[in-house]
Each structure stands twice: as C-alpha cells, then as structure tokens.
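Welcome! Please take a moment to look over the sequence and the 3D view below, and then we can walk through a few features together.

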Amino acid sequence: MVSPKEIMEHYVIEPQDSYFVNGTPPIENVAVVTYDPSWPKIYSILESKIKNELGSNLLKIDHVGSTAVPGLAAKPVIDIDLTVNDAEDEKTYVLALENLGYKLIVREPRFHGHRLFHYDNPRVNLHVFTLDTPETTRHLLFRDWLRQSERDCKLYADVKFEAIKGCSLDIKKYHENKSKMVHSIYQKIFKHLGYC
C-alpha cells in the first residue's frame with residue numbers, strides 16, 4: 001500500500017537514472033491542441049489490445065495525462081500507465097508490447113522500475129511501472145481532480161498554451177514552463193485529501 005508521504009514526494013529523475021535503449025530518439029515537434037473527443041475511444045481500442053496481449057501479466061491499465069480529461073487541451077499523445085508485478089522482469093511484458101508495435105525507449109530503474117514505450121500512430125507514451133508505485137497513484141489523482149475541477153482545468157489549459165511558446169522542439173523546457181502550475185494543483189489535491 002502506498003502512503004500519503006510517498007504520494008506527495010515528487011521524484012526528480014537524475015540523468016544517470018535514465019537509459020535510452022537504442023540511443024536518443026529523434027526530436028519530436030511539441031504541440032498543444034484543443035481537446036479531441038476521439039481520444040477516449042482511441043485509448044479504449046489500445047487498452048483492449050494490450051489486455052488481450054498481456055493477459056494475466058497485466059495488473060492494471062489506465063488512461064492518464066491530459067488526453068484523459070474531457071475538454072482539456074493537450075499534446076496529441078495518449079498517455080497510458082501499465083502496472084505489472086515487477087517492471088524489472090521485462091520478459092513478462094516487453095515482447096508482448098513489441099508484438100503490438102510498441103518500442104521500448106527508456107529504462108529508469110530507480111524511478112519505480114519505469115519503462116517508457118512509444119507507439120507511433122496513434123502517438124502513445126506507454127509507461128510501465130511496478131505494482132504499488134506512488135507515481136501511478138499521483139497520475140490518477142491529478143487526472144481525476146482535473147475531471148471534476150472546471151476552474152483548474154481551465155487554468156491548466158491556459159498555462160499549457162503559454163508554456164509551449166518558443167519551445168516546440170524542447171519537451172523538457174515545455175514541462176519546466178508548466179511545472180509551477182502542476183505543483184500548485186498537486187498541493188490542492190493533497191490538502192483536499194488531508195495529506196498536508
């Protein structure tokens with residue numbers, strides 16, 4: 001079971017914690033677009049295929065990130081959290097995901113065993129984590145908060161459109177530009193839950 005203290009801890013990934021599997025991937029254009037009502041359906045199709053391929057090795061799968069929040073502007077990339085018993089045990093899921101066309105891009109063993117896969121069309125970031133990881137809980141808290149808070153959803157969308165200016169080829173800078181708002185929303189969530 002994940003504790004409130006673990007959930008509130010924002011993990012900062014150090015460069016030495018992250019390993020590209022086949023060299024640095026090509027730079028992608030970063031764009032923020034208005035909400036596309038087809039995103040949930042796209043996710044549903046992807047989810048079904050993953051469940052069928054992984055079977056009992058899949059413990060949990062969730063649509064996370066901004067494309068999972070109705071009405072929220074987002075990068076047109078579907079984010080998926082996939083929970084397995086042990087992310088280090090790649091034989092239980094890597095080949096199955098590769099069979100579906102996902103490519104393993106990054107290993108971050110110190111970040112709760114995190115593995116990042118890309119899928120090209122539709123564009124997907126698939127995150128694999130070990131069971132009982134605070135990061136997956138954080139993602140769901142953030143998603144669900146924005147689903148019920150019209151005000152914060154609007155504020156976050158405005159910040160995204162501002163954050164993207166001048167950094168359409170720099171995803172790291174884009175995330176840095178909106179990090180203050182992200183942390184502010186998390187603090188509201190944690191206070192609402194009585195964590196702090």
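## A pocket to start with

What you see is a predicted model. A good place to begin is the second largest pocket, where α4 supplies the largest share of the lining, three residues. The space in this pocket comes to about 190 Å³. Two elements, β2 (60-64) and α4 (134-148), each give two or more residues to the lining.

If you would like to find the pocket on screen, its lining includes Met 1, Val 2, Leu 59, Lys 60 and Asp 62. Further along the chain, Thr 83, Leu 131, Asp 132, Thr 133, Thr 136, Thr 137 and Leu 140 also belong to the lining. Sorted by class, the lining residues are five nonpolar, four polar and three charged.

## The sheet

Next, let us turn to the strands. Six of them form an open sheet with mixed pairing, in the order β1-β4-β5-β6-β3-β2. At the edges sit β1 (19-20) and β2, each of which pairs on one side only. As background, strands of a sheet pair through backbone hydrogen bonds, in either a parallel or an antiparallel way.

Both kinds of pairing can be found around β3. With β6 (residues 124-130), strand β3 (residues 78-84) runs parallel, and seven bridges join the two. One of the bridge pairs to look for is Ile 78 with Val 124 in β6. With β2, strand β3 pairs in the antiparallel sense over five bridges. Here Val 64 has Asp 79 in β3 as its bridge partner.

## Helices on the sheet

Two helices are worth tracing against these strands. Helix α2 (residues 39-54) lies across β2, β3 and β6, and runs at about 25 degrees to β3. Helix α4 packs on the sheet too, touching β2, β3 and β6, with its direction at about 40 degrees to that of β2.

Although β2 is an edge strand, β2 is mostly covered, with four of its five residues buried.

## A closer look at His 114

Is His 114 buried or exposed? This residue belongs to strand β5 (residues 114-119). His 114 has a relative accessible area of 5%, so it counts as buried, the cut-off being under 20%.

Which residues does His 114 contact, apart from its neighbours within four places in sequence? They are Val 106, Arg 107, Glu 108, Pro 109, His 127, Val 128 and Phe 129.

How values were computed:
Residues numbered from 1 in each chain as written. Predicted model: local features only at pLDDT ≥ 70, side-chain atom pairs only at ≥ 80, totals over all residues. Heavy atoms only, no water. 1 Å grid on protein atoms, 1.4 Å probe; cavity = no way out; pocket = protein on both sides within 12 Å on 5 of 7 lines; lining within 4 Å. Points joined across faces, edges and corners; volume = space filled by probe spheres on them. Nonpolar A, V, L, I, M, F, W, Y, C, P; charged D, E, K, R; others polar. Pairing = 2+ DSSP bridges. Contact = heavy atoms within 4.5 Å. Axes fitted to C-alpha atoms, helices over the stretch in contact; angles between N-to-C directions. Buried < 20%, exposed > 50% of the residue type's maximum accessible area, 1.4 Å probe, protein only.
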